[in-house]
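Me: Got a model here that I'd like to go through with you. Can we start with the pockets and then look at the surface?

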Amino acid sequence: MSLALHSTFSGVLTSIPSPTVSYIDLGPLRIHFYALCIIAGIIAAVLLTNHRLTKRGAEPWVVIDISILAVPLAIVGARIFHVLTHPNFYFGEGRNTWNPFEPGSVWAIWEGGIAIFGALIGGALGAYLGCRWTGIRFWTFADALAPGLLLAQAMGRFGNWFNNELYGLPTDLPWGLEIPSDNSAFPPGLPEGTLFHPTFLYEVIWNGLGVIVLLWLSRKATAFQWGKLFAIYLIWYSAGRVVWESIRIDPSEIILGLRSNVWAAIIGIVVGIAILVVQSRRHPGLEPSPYQPGRGRKDLDADVESQNNPSDFVDVSEPPSEEVAAGASATSTAPTDTEGAR
């Protein structure tokens, strides 16, 4: 950005600096801030989802049981999707495709390279299996997860800021993002000091607004159950992603003139609309329970079983009164005064 423009906006934000550090070393262990952003997002999503599921009547922390399967499969799916949509990064002459001990392999997820649409596919499979295991309705879990998932995505985008990556076209806007000219992804031919659209920030703001919208819509219980809130999530997130993806300049596969992730976002919108239409027709009313038919809370089941076991309590009810026949002998005798108190 020119000095004149900096002077024009004196005292006002004229650019967004990029962090110069993206990791810390703790002895032999290197911790990337990108990973910390993702972990923080997962924790936030789990906490919010647990709160929402518990309010629906599910057993507290059942979300942990589902996450044990959903989170690993989401990470695997995210990596696979990224590799498949960036084949030139990993396949071809001179590329290290399979050796995990050398940089650039398909296994080296610690080097970066995950895709949210792959995470949605893998995570959905894991969540389905987790719901079958715990007895939670899949669509109930999806609706409970939707705001937390969008929150996690907003938090994870800060990792791109720390990595100085996935920015947009050059811009003269006062919130343009500074990228060092020695960055390997800096477009050749542009002068040093060129600013770029902070697409990470656009997604943070869009996703943050989406969290508020989803939480507000979820209060309309009759309208947004049976997966319909998750459908709104898909439509909201994917619509924003079409825009941000269209102005990004990082390498990507081009299919029929559009980036692969733009096509993925369009598919996300279509799937969201389809879920909304189908589930609105199939389930116009309220969900009877967050659990599948024949399943329920294990903690409450344990209490009920204990109460129904005759050996677990003492009968203190008054015995039936019966008239004693004249001349019948007593079954017990009262203590006499000669016995005394002991």
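Reply: Sure. In the second largest pocket, α2 and α6 (138-156) each supply at least two residues of the lining. Keep in mind that this is a predicted model.

Me: Which helix gives the largest share of that lining?

Reply: That's α2, with 4 residues.

Me: And how much space lies in the second largest pocket?

Reply: About 330 Å³.

Me: Which residues lie nearest its centre?

Reply: Arg52, Arg56, Ser218, Arg219 and Gln225, out of 15 residues that line the second largest pocket.

Me: How does the lining divide into nonpolar, polar and charged?

Reply: You get 6 charged residues, 5 nonpolar and 4 polar.

Me: OK, switching to the surface. Which residues form the nonpolar patch?

Reply: The patch is made up of Leu36, Ile39, Ile43, Leu47, Trp61, Ile64, Ile68 and Trp133, and together they have about 790 Å² of accessible area. Two elements give two or more residues to it: α2 (33-56) and α3 (62-85).

Me: Which of them gives the largest share of the patch?

Reply: α2 again, with 4 residues in the nonpolar patch. So that helix turns up in both places, since α2 also gives the largest share of the pocket lining.

Me: Where is Ile64, and why does it count as partly exposed?

Reply: Ile64 sits in helix α3. Its relative accessible area is 38%, and it counts as partly exposed because that class runs between the 20% and 50% cut-offs.

Key
Residues are numbered from 1 along each chain as its sequence is written. This is a predicted model: local features need pLDDT of at least 70, side-chain atom pairs count only at pLDDT 80 or more; totals for chains, interfaces and linings use all residues. Side-chain values use heavy atoms; hydrogens and water are left out. Patches are made of residues with over 30% relative accessible area and no salt bridge: like charges are joined within 9 Å, nonpolar side chains (Val, Leu, Ile, Met, Phe, Trp, Tyr) within 5 Å. Accessible areas come from the Shrake-Rupley method with a 1.4 Å probe; for residues, only the protein chains shown count as cover. A salt bridge is a side-chain nitrogen of Lys or Arg within 4 Å of a carboxyl oxygen of Asp or Glu. Buried means under 20% relative accessible area, exposed over 50%, partly exposed in between (1.4 Å probe, protein chains only). On a 1 Å grid over the protein atoms alone, a cavity is a set of points where a 1.4 Å probe fits but cannot get out, and a pocket is an open set with protein on both sides within 12 Å along at least five of seven lines; lining residues have an atom within 4 Å of a point. Grid points are joined across faces, edges and corners, and a volume is the space filled by probe spheres set on the points. Ala, Val, Leu, Ile, Met, Phe, Trp, Tyr, Cys and Pro count as nonpolar, Asp, Glu, Lys and Arg as charged, and the others, Gly among them, as polar.
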